[in-house]
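Open the model in your viewer and keep the selection panel handy. We will go from stop to stop, picking residues and looking at what surrounds them.

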Amino acid sequence: MKKPVILAVDDDLQVLNAVERDLRAEFRRDYRVLRADSGAGALEILRELQTRAEPLALLLADQRMPGMEGVELLEKSRALFPDAKRVLLTAYADTEAAIRAINGARIDYYLLKPWDPPQELLYPTLHDLLAAWQAQHKPAFQGLRLIGFQWSPLSHAVKSALAGYMVPFEWLDFETNPTAAKLLESTEFEAADLPVVVYADGHAVARPTRADLTQYLGLLTQPSGDLYDVVVIGAGPSGLGAAVYGASEGLKTLLIEREAPGGQAGTSSRIENYLGFPTGLSGTELAHRAWTQAVRLGAEFLAEEVTNLCVQDGYKVLTLSNGSEVRTRAVVLTTGVSYRKLEVPGIDALSGAGVYYGAARTEARSCDQQDVYIVGGGNSAGQAAMYLATYARRVFIVIRGKSLASSMSAYLIEQIAGTENIEILPFAQVKEVRGDGHLEAVVLQVGEQTEERPARALFVFIGAKPSTEWVCGTVICDAKGYVLTGRDLVADPRYATSWKRQREPFALETCVPGVFAAGDGRAGAMARVAAAVGDGSTAIKFVHQYLDE
């Protein structure tokens with residue numbers, strides 16, 4: 001925790017030096033003592049402290065200063081630090097003015113100059129004031145703070161990115177949190193610039209891009225090497241598994257991810273059926289552990305997007321969105337899948353403003369004592385329902401069929417049945433969403449009836465599509481866009497003209513020798529976290545065999 005600050009202000013440098021010396025001698029162990037030689041200079045320091053979220057415990061200001069008297073400074077300081085203790089320093093002739101200031105400016109005390117000895121005439125008073133401040137002080141959040149609008153899609157995107165990397169941050173809704181306006185005022189930005197990220201050192205960035213955030217996190221956006229043994233594209237469970245095994249087995253391994261580690265699994269609020277975690281854990285936590293493990297073992301992590309894959313002289317050349325290139329001997333495609341869009345009237349305008357694809361854990365608290373709706377009947381939908389039920393008044397699961405039995409694990413069905421504020425709506429579907437600037441209602445068709453219901457949020461889990469659009473021109477994909485590998489590739493009519501090696505492709509190899517596919521983006525893959533991790537580790541086995549050739 002940062003030490004609370006004591007600020008002394010006096011235009012007489014000789015007096016200021018004496019005040020600073022006495023304060024440091026008594027309070028430097030528990031407080032940081034700062035100084036200013038004018039009211040304007042003091043206000044500048046106070047604004048900087050507020051931007052950095054550093055607490056001000058005590059402000060001592062001389063009354064007679066040119067430009068701004070002490071009483072005026074103490075009054076203005078209330079807007080920045082309302083709970084700080086304020087002391088006016090005055091000469092004997094100013095006693096009457098000091099008394100009036102106590103009543104008008106609500107200062108806490110006035111001290112007569114000079115004080116000698118300070119052990120009798122200064123320290124006891126300040127100790128009492130600081131003890132009173134400590135008794136009511138609640139330490140401010142010390143890390144990154146995000147100011148924005150609750151219903152801003154960009155604010156939601158920044159929150160999701162930070163949460164995906166498990167970065168602690170404080171969310172300040174500009175419309176409801178009074179601290180947000182004060183913090184924004186201390187930066188160079190205005191409400192029109194929101195969202196604004198204020199880092200722990202006070203540096204502020206408006207409308208931050210993913211590059212801004214990755215730079216803050218210290219993540220690489222350019223490869224450090226000229227040539228890699230294997231590049232893994234996508235940091236879901238399969239990609240993380242491949243990176244862990246590739247690095248641990250001595251391969252020079254690069255893992256590239258355009259968003260946050262974890263993929264779809266990373267958005268799961270609770271995974272309870274993964275081997276070795278009997279009490280369960282969140283998808284973000286699982287992904288972060290695996291990411292940390294891969295990096296510890298020697299894998300390099302690159303926060304970028306791959307836009308093209310080609311083969312040059314046997315090497316695989318990857319083009320990144322920033323224009324740079326990566327050369328590698330082998331590639332493992334673990335690009336995974338993304339949630340399908342719900343195609344109903346009104347939904348595009350409200351995406352990120354009440355309508356969310358995936359669990360959107362960062363929005364759960366905003367649903368406190370409100371009604372929320374979940375579309376979908378798979379495990380991800382069930383995990384989200386259990387998490388949201390902790391906050392929401394009612395959680396409605398909208399499914400087309402009569403029950404969850406055919407699409408959801410038994411343990412989740414049992415948990416949902418035992419949660420009073422979760423209700424399943426069978427034979428139902430969302431026909432429209434409505435709202436002005438944010439979601440306000442959903443129109444449901446339940447059986448033969450159509451009805452409009454108020455809703456705070458709608459979470460969509462209606463199946464997935466492979467994230468392979470950029471690579472299907474290089475490797476062979478099926479009609480749905482899933483990458484064909486191994487025996488599935490051999491059975492495809494296009495195999496004869498695309499595969500030129502004497503041997504058949506390895507089990508997870510695509511039509512391009514040395515390019516493998518694993519995880520949910522591969523045709524025939526099982527949509528389970530454990531299966532994806534196994535796919536990733538198996539791919540590394542075949543990478544070794546390919547490199548041995």
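In which loop does P117 lie? Select it and you will find P117 between β5 (109–112) and α5 (118–121). Keep in mind throughout that this is a predicted model. Now add D116 to the selection: the peptide bond joining D116 and P117 is cis, with omega at about 5 degrees.

**Another cis bond, and its neighbour**

Next, select L194 and P195. A cis peptide bond links these two as well, and omega is again given as about 5 degrees. P195 belongs to the loop between α8 and β8.

From P195, move to S155, which sits in helix α7. The two residues are 40 apart in sequence, yet their C-alpha atoms are 5.7 Å apart in space. Is S155 buried or exposed? It is buried, since its relative accessible area is 1%, and the cut-off for buried is under 20%. Leaving aside residues up to four places away in sequence, S155 touches L146, G148, F149, W171 and P195. Show the polar atoms here too: the side chain of S155 reaches the backbone nitrogen of F149 at 3.5 Å.

**Around helix α8**

Select residues 178–185 to bring up helix α8, and colour its buried residues, A180, L183 and L184. They span an arc of only 100 degrees around the axis, so they lie on the same side of α8. A general point helps here: an α-helix has 3.6 residues a turn, so residues three or four places apart point the same way. Turn to the other side of α8 and you meet P178 and E185, both exposed.

What covers the buried residues of α8? Display α2 (39–51), β6 (144–148), β7 (169–173) and β8 (196–198), which are among the elements that do so. Before leaving, zoom in on the N-terminal end of α8, where N177 acts as the cap. One of its side-chain oxygens lies 2.9 Å from the backbone nitrogen of T179.

**Strand β19 and its partners**

Jump along the chain to residues 394–398, strand β19. Four of its five residues are buried, so β19 is largely enclosed by the rest of the structure. Now show strand β18 (residues 371–375), which runs parallel to β19 and is joined to it by five bridges. To line the two up, pick V372, which stands opposite V395 in β19. Trace the chain from β18 and it passes through helix α13 (residues 379–388) to reach β19, in a right-handed β-α-β crossover.

Then add strand β20 (residues 422–425). It pairs with β19 over four bridges, in the parallel sense. For this pair, select V398 and its bridge partner in β20, L425. With helix α14 (residues 410–417) between them in view, β19 and β20 complete a right-handed β-α-β unit.

**Into the nonpolar cores**

Which residues have the most contacts inside the largest nonpolar core? Select Y165, F301, V332 and V543; the core they belong to has 41 residues. Among the elements giving two or more residues to this core are α7 (153–164), β10 (228–233), β15 (325–333) and α17 (529–548). Centre on V332 and show its contacts: V230, V231, V232, I233, A242, F516, A518, A539 and V543, with residues up to four places away in sequence not counted. There is also a second, separate core of 29 residues, which includes V231, L333, I476 and W499.

Step on to T334, in the loop between β15 and β16 (337–339). T334 counts as buried because its relative accessibility is 6%. On the same sequence exclusion, up to four places away, the residues T334 touches are V232, I233, G234, S238, G239 and A518.

**Two positive phi angles**

Finish with a pair of backbone details. M166 is not a glycine, but its phi is positive, about 55 degrees. You will find M166 in the loop between α7 and β7, and it counts as partly exposed at 40% relative accessibility.

Q369, also not a glycine, has a positive phi of about 60 degrees. Its place is the loop between β17 (355–357) and β18. With a relative accessible area of 49%, Q369 is partly exposed.

Notes. Residues numbered from 1 in each chain as written. Predicted model: local features only at pLDDT ≥ 70, side-chain atom pairs only at ≥ 80, totals over all residues. Heavy atoms only, no water. Buried < 20%, exposed > 50% of the residue type's maximum accessible area, 1.4 Å probe, protein only. Arc of directions from axis to C-beta. Contact = heavy atoms within 4.5 Å. Polar contact = N/O pair within 3.5 Å; in protein donor to acceptor, adjacent residues only side chain to side chain. Pairing = 2+ DSSP bridges. Right-handed = clockwise from strand over helix to strand, strands pointing away. Core = buried A, V, L, I, M, F, W, Y, C linked by side-chain atoms within 4.5 Å.
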